[in-house]
Amino acid sequence: MRSEPSGHVPAGGAEPTDATDPSLETVRPGQPTPGAVGRVGPGAHEGLADPDGAGRRQRHELWMRRALEIAVTGPDTGGAAGPGPAGTVAGSAEPVGVAVEDIPVGAVVYGPDGTELAVGRNERELTGDPTAHAEVLALRRAAERIGRWRLDGCTLVVTLEPCTMCAGALVLSRVSTVIFGAWEPKTGAVGSLWDVLRDRRLNHRPEVYAGVLETESAALLRAFFR
């Protein structure tokens, strides 16, 4: 969800504007957010065709449906990786067949070529770990899989707007793109309360697409809290 505000071009045309720029004080959550100079990127409802014929919106929605699946079911219980330690599912601390009342948030990390690298589901209640958010778990597992902490070129897809902790982790991991579903007006740090991912004071700013399958993502959370 990147765009250049109308009529605003930074001096020299080299430094992208972002949410800390005084000229953007009227930008509200849900509006197009600043990005690279001279580029107008698609929002959640735009479908720009890629050279391979797959629309960006369609690809983002497909990936978000996978994240929603993880939010509901948790990591896959099968596959070549086999079971994890002590009766757990590989890639997760969640005991097989045990329902845990964690808020259903799912995240998936995709590699530069679109390959699924890792998934994560919120496991705070399950593990008693305050940092066990879906995004953090997915980032840890993706880094372990590729053998390095830098996730350059990777995309993280998550069903809920990241909080400040997760937004910071996304910056530090150097992911290139972040796609999220529902906005989080109480704790969101990608445009709601803060806009950490596009703060020009940081040394890395991922590209962000917000509101992808927002209705489905929000409905899942509402059902949980009902």
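Leucine 156 has plenty of company: setting aside neighbours within four places in sequence, its contacts are Val108, Val109, Glu135, Ala138, Leu139, Leu170, Thr177, Val178 and Ile179. Keep in mind that this is a predicted model. Leu156 is also among the residues with the most contacts inside the largest nonpolar core.

**The nonpolar cores**
- The largest core has 31 residues, and alongside Leu156 its best-connected members include Val109, Leu139, Leu151, Leu170, Phe180 and Leu197.
- Strands E3 (106-110), E4 (116-121), E5 (155-160) and E6 (177-182) each put in at least two residues, as do helices H3 (134-146), H4 (164-173) and H5 (214-225).
- H3 is the top contributor, giving 5 residues.
- There's also a second, separate core of 15 residues, with Ala67, Ala71, Val212 and Leu220 among them.

**Helix H1**
- H1 runs over residues 56-73, and its 18 residues reach 26 Å from first C-alpha to last, close to the 26 Å expected.
- Its buried residues are a mixed bunch: Arg56, His60, Trp63, Met64, Arg66, Ala67, Leu68, Ile70 and Ala71.
- The cover over those buried residues includes E3, E4, E5, E6, E7 and H5.
- Right after the helix, glycine 74 adopts a positive phi of about 80°.

**Glutamate 207**
- This residue sits in strand E7, which spans residues 207-209.
- Glu207 counts as buried because its relative accessible area is 13%, below the 20% cut-off.
- Its side chain makes a polar contact with the side chain of tyrosine 209, at 2.8 Å.
- Valine 175 is 32 residues away along the chain, yet the C-alpha atoms of Glu207 and Val175 are separated by 8.9 Å.

Conventions. Residues numbered from 1 in each chain as written. Predicted model: local features only at pLDDT ≥ 70, side-chain atom pairs only at ≥ 80, totals over all residues. Heavy atoms only, no water. Helix = DSSP H or I, 4+ residues; strand = E, 2+ residues; numbered from the N terminus. Buried < 20%, exposed > 50% of the residue type's maximum accessible area, 1.4 Å probe, protein only. Polar contact = N/O pair within 3.5 Å; in protein donor to acceptor, adjacent residues only side chain to side chain. Core = buried A, V, L, I, M, F, W, Y, C linked by side-chain atoms within 4.5 Å. Contact = heavy atoms within 4.5 Å. Expected span 1.5 Å × (residues − 1).
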